[in-house]
Amino acid sequence: MIIIFSSSLGIMVLTYKKNQIKYIDSLLYIANRISLLLKSTSPDTQEIMSILKSDKRLENFNFDIKNNNSPLPDEEKLKVSDLFNSIGKYDAESQIKIIEEFSGYFKILKQEYQQHYNSHKKLYLLFGFFSGVFASILLI
């Protein structure tokens, strides 16, 4: 039972890391959509948000400005809230530059998270399993 529990902890950590990558994918998609909207029709802030909220790919995304449900660290949460707060405050060209910087930062971050996930996924699973085995041996 201990081995199963500790193995499931390793799986939970892997799931959390994978959710970070998926969340960044959603952020990059949002940034791309906003950029395309600004380049084509230049809608106002309310239109942009309603278009994003009605997007089928983003139906599970929480557009809460505080990012309470975000699996990212606080530093990245701040960058996301800064992007959402900046929508509509600047002219289209400035907004597009802000979005390009945001996208560049999060593309690099996604690569780092993906490399970390790929290189450590077996380690998390093995650590979970063997810590359960070790705890079981200690209890015997």
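Here a trainee and a mentor talk through the helices and the core of a predicted model.

Trainee: Let's start at the beginning of the chain. How many residues does helix H1 have, and what distance does it reach from its first C-alpha to its last?

Mentor: Helix H1 covers residues 2-40, so at 1.5 Å a residue the expected reach is 57 Å. The model agrees closely with that expectation. H1 has 39 residues, and its reach is 57 Å.

Trainee: Which residue with a positive phi follows H1?

Mentor: Look just past the end of the helix, which spans residues 2-40. The phi there is near 50°. The residue is Ser 42.

Trainee: Now the inside. Which helix supplies the largest share of the largest nonpolar core?

Mentor: In soluble globular proteins, nonpolar side chains tend to be buried together. This core has 30 residues, and Leu 27, Ile 30, Ile 34, Leu 52, Phe 61, Phe 63 and Phe 106 touch the most other members. H1, H2 (45-54), H3 (74-86) and H4 (92-139) each supply at least two residues of the core. The largest share, 12 residues, comes from H1.

Trainee: Phe 61 is on that list. Which residues is Phe 61 in contact with, leaving aside neighbours within four places in sequence?

Mentor: Phe 61 is one of the core members that touch the most others. Two of its contacts, Leu 27 and Ile 30, are on that list as well. The full set is Tyr 23, Ser 26, Leu 27, Ile 30 and Phe 84.

Trainee: How are H1 and H2 oriented to each other?

Mentor: Two packed helices are described by the angle between their axes and the distance between the axes. The axes of H1 and H2 come within 11 Å and cross at roughly 135°, in a right-handed crossing. At this pairing, Ile 30, Arg 33, Ile 34, Leu 37 and Leu 38 in H1 meet Ile 48, Ile 51 and Leu 52 in H2. An angle of roughly 135° falls short of the 145 needed for roughly antiparallel, so H1 and H2 are oblique.

Trainee: Is Ser 35 buried or exposed?

Mentor: Ser 35 lies in helix H1, and it touches Ile 96 and Ile 99, not counting residues up to four places away in sequence. Its relative accessibility is 8%, and the cut-off is under 20%, so Ser 35 counts as buried.

Trainee: And Val 13: what is the distance in space from Val 13 to Asp 91?

Mentor: Val 13 is also placed in H1, and with a relative accessible area of 34% it is partly exposed. In sequence, Val 13 and Asp 91 are 78 residues apart. In space, C-alpha to C-alpha, the distance is 41 Å.

Trainee: Which helices do the buried residues of H3 pack against?

Mentor: H3 has 13 residues, and its end C-alpha atoms are 18 Å apart, in agreement with the span expected at 1.5 Å a residue. Its buried residues are Glu 76, Lys 77, Val 80, Ser 81, Leu 83, Phe 84 and Ser 86. They pack against H1 and H4.

Trainee: Last one. How does H3 run relative to H4?

Mentor: Residues that meet include Val 80 and Leu 83 in H3, with Ile 99 and Phe 102 among their counterparts in H4. The crossing is left-handed. The axes of H3 and H4 come within 11 Å and cross at roughly 155°. That angle is over 145, so H3 and H4 are roughly antiparallel.

Notes. Residues are numbered from 1 along each chain as its sequence is written. This is a predicted model: local features need pLDDT of at least 70, side-chain atom pairs count only at pLDDT 80 or more; totals for chains, interfaces and linings use all residues. Side-chain values use heavy atoms; hydrogens and water are left out. Helices (H or I, at least four residues) and strands (E, at least two) are DSSP runs, numbered from the N terminus. A nonpolar core is a set of buried Ala, Val, Leu, Ile, Met, Phe, Trp, Tyr and Cys residues joined through side-chain atoms within 4.5 Å. Buried means under 20% relative accessible area, exposed over 50%, partly exposed in between (1.4 Å probe, protein chains only). Contact means heavy atoms within 4.5 Å. Axes are lines fitted to C-alpha atoms, for helices over the stretch in contact, and angles run from 0 to 180 degrees between N-to-C directions. Angles under 35 degrees count as roughly parallel, over 145 as roughly antiparallel, 65 to 115 as roughly perpendicular and the rest as oblique. A crossing is left-handed if the near helix is turned anticlockwise from the far one by less than a right angle, and right-handed if clockwise.
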